[in-house]
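Got your viewer open? Let's take a short walk through this chain, one selection at a time.

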Amino acid sequence: MELYNYMEEVVYRYVDEVLKKFDNEVCKCEKCRLDIIALALNNLPPRYTVTEKGKLFTKVKEMESQYGVDIIREITKAIEVVSKKPRHDC
């Protein structure tokens with residue numbers, strides 16, 4: 001196994017679910033979506049692993065409710081930032 005940031009996987013998994021709640025309020029093109037993901041990841045602690053055991057431990061940690069709340073909060077904040085100043089005309 002190689003160095004792996006599990007937080008990336010989780011944010012990618014959550015972002016579309018959170019974006020659905022914004023209906024037509026925010027651009028959902030790939031550029032805006034990636035900006036949202038990058039901004040959220042920059043404000044969340046990384047969860048690096050190098051073994052399958054570490055990855056499994058991190059997955060178990062994800063089941064804690066606060067873990068999910070923190071991720072959703074940062075994605076929501078990132079959506080607000082990107083929707084106010086998208087890097088293109090939506």
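**A walk from surface to core**

Start with the whole chain and switch on its surface: the accessible area (Shrake-Rupley method, 1.4 Å probe, with only the protein chains shown counting as cover for residues) comes to about 6,100 Å², and carbon and sulfur atoms own 54% of that. Before going on, note that this is a predicted model, where local features need pLDDT of at least 70, side-chain atom pairs count only at pLDDT 80 or more, and totals for chains, interfaces and linings use all residues. Residues are numbered from 1 along each chain as its sequence is written, and side-chain values use heavy atoms, leaving out hydrogens and water.

Now switch to cartoon view. You'll find four helices and two strands, taken from DSSP runs (helices: H or I, at least four residues; strands: E, at least two; numbered from the N terminus). Follow the sequence and the order reads β-α-α-β-α-α.

Next, colour by burial. Of the 90 residues, 36% are buried, meaning under 20% relative accessible area with a 1.4 Å probe, counting protein chains only.

Which residues touch the most other members of the largest nonpolar core? Select M7, V11, I36, I71, I75 and I79, out of 22 residues in that core. A nonpolar core here is a set of buried Ala, Val, Leu, Ile, Met, Phe, Trp, Tyr and Cys residues joined through side-chain atoms within 4.5 Å. Show α1 (6-20), α2 (30-42) and α4 (65-84) too, since each supplies at least two core residues; α1 gives the most, with eight.

Last stop: zoom in on V11. Beyond its neighbours within four places in sequence, V11 is in contact (heavy atoms within 4.5 Å) with I37, A40, L41, L44, I71 and I75.

Definitions and conventions. Buried means under 20% relative accessible area, exposed over 50%, partly exposed in between (1.4 Å probe, protein chains only).
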